[in-house]
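Student: I should like to learn how to read the features of a protein model. May we go through one together?

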Amino acid sequence: MVVGLADRAAADECAKGLSGETLKTYRYGVVAVEKNNATLGNAVRRYLEPKYNKGEFSEAEGRKMGEAAAKCIRLLHAK
């Protein structure tokens, strides 16, 4: 699937409100969805799960970051 530029622009605009690990999750997720056809959930999980397993943040923090990043990544498919 090829994602349109307008979709990416909307996602990037949404991501302007993200920072830190949430922004990194968004960036990783966009590549995973665009180039690897990953599902939204898998894209976010692949980035955050290893960090959670290392104890870098709590499950609640990871969930919050994942949901915020996913909100923007989801715009790639909104058309």
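Student: Is Gly17 buried or exposed?

Tutor: The model is a predicted one, and exposure is read from the relative accessible area, where a value over 50% counts as exposed. Gly17 has a relative accessible area of 68%, so Gly17 is exposed. This residue is found in the loop between α1 and α2, the latter covering residues 20–36.

Student: How far apart are Gly17 and Ala69 in sequence and in space?

Tutor: Separation along the chain and separation in space are to be read as two distinct values. Gly17 and Ala69 are 52 residues apart in sequence, and their C-alpha atoms are 9.9 Å apart in space. Ala69 is one of the buried residues of α4.

Student: What is the overall secondary structure of the protein?

Tutor: One counts the elements and then reads their order. The protein has 4 helices and 0 strands, and along the sequence the pattern is α-α-α-α. As to burial, 34% of the 79 residues in the protein are buried.

Student: How does the span of α4 agree with its number of residues?

Tutor: An expected span is set beside the distance between the end C-alpha atoms. The 15 residues of α4 should span 21 Å at 1.5 Å a residue, and the end C-alpha atoms are 20 Å apart, which agrees.

Student: Which residues of α4 are buried, and where do they fall around the axis of the helix?

Tutor: The buried residues of α4 are Gly62, Met65, Gly66, Ala69, Ala70, Cys72 and Ile73. Viewed down the axis of α4, these buried residues fall within an arc of 155 degrees, so they line one face of the helix. Ala60, Lys64, Glu67 and Lys71, on the other side of α4, are exposed.

Student: How many disulfides are there, and which residues are joined?

Tutor: A disulfide is recognised from the distance between two cysteine sulfur atoms, which must be within 2.5 Å. The count here is 1 disulfide. Cys14 is joined to Cys72, with an S to S distance of 2.0 Å. The pair links distant parts of the chain, since Cys14 belongs to helix α1 (residues 5–15) and Cys72 to helix α4 (residues 59–73), 58 residues apart.

Student: Is this disulfide left-handed or right-handed?

Tutor: The torsion about the S-S bond decides the matter. For Cys14 and Cys72 that torsion is about -65 degrees, so the disulfide is left-handed.

Student: Are Cys14 and Cys72 buried or exposed?

Tutor: Each cysteine is judged separately. Cys14 has a relative accessible area of 22% and is partly exposed, whereas Cys72, at 1% relative accessibility, counts as buried.

Student: What is the volume of the largest pocket, and which residues are the closest to its centre?

Tutor: A pocket may be described by its volume and by its lining. The largest pocket has a volume of about 370 Å³. Its lining has 15 residues, and the closest to the centre are Val44, Arg45, Leu48, Gly62 and Arg63. Both α3 (40–53) and α4 supply at least two residues of this lining, and the largest share, 7 residues, comes from α3. By type, the lining divides into 6 nonpolar, 4 polar and 5 charged residues.

Student: What can be read about helix α2 and Glu21?

Tutor: We may begin with the helix and then take the residue. Helix α2 has 17 residues and reaches 23 Å from its first C-alpha to its last, close to the 24 Å expected at 1.5 Å a residue. Its buried residues include Thr22, Leu23, Tyr26 and Val30. Glu21 is in helix α2 and, at 21% relative accessibility, counts as partly exposed. Glu21 and Met65 are 44 residues apart in sequence, yet 7.2 Å apart in space, C-alpha to C-alpha.

Student: What is the phi of Asn37?

Tutor: Most residues other than glycine have a negative phi. Asn37 has a positive phi of about 55 degrees although it is not a glycine. Asn37 comes just after α2, in the loop between α2 and α3.

Student: Where does Asn42 lie, and how far is its C-alpha atom from that of Gly29?

Tutor: Asn42 lies in helix α3 and is partly exposed, at 34% relative accessibility. The C-alpha atoms of Asn42 and Gly29 are separated by 8.6 Å, and the two residues are 13 residues apart along the chain. Gly29 is among the buried residues of α2.

Notes. Residues numbered from 1 in each chain as written. Predicted model: local features only at pLDDT ≥ 70, side-chain atom pairs only at ≥ 80, totals over all residues. Heavy atoms only, no water. Buried < 20%, exposed > 50% of the residue type's maximum accessible area, 1.4 Å probe, protein only. Expected span 1.5 Å × (residues − 1). Arc of directions from axis to C-beta. 1 Å grid on protein atoms, 1.4 Å probe; cavity = no way out; pocket = protein on both sides within 12 Å on 5 of 7 lines; lining within 4 Å. Points joined across faces, edges and corners; volume = space filled by probe spheres on them. Nonpolar A, V, L, I, M, F, W, Y, C, P; charged D, E, K, R; others polar.
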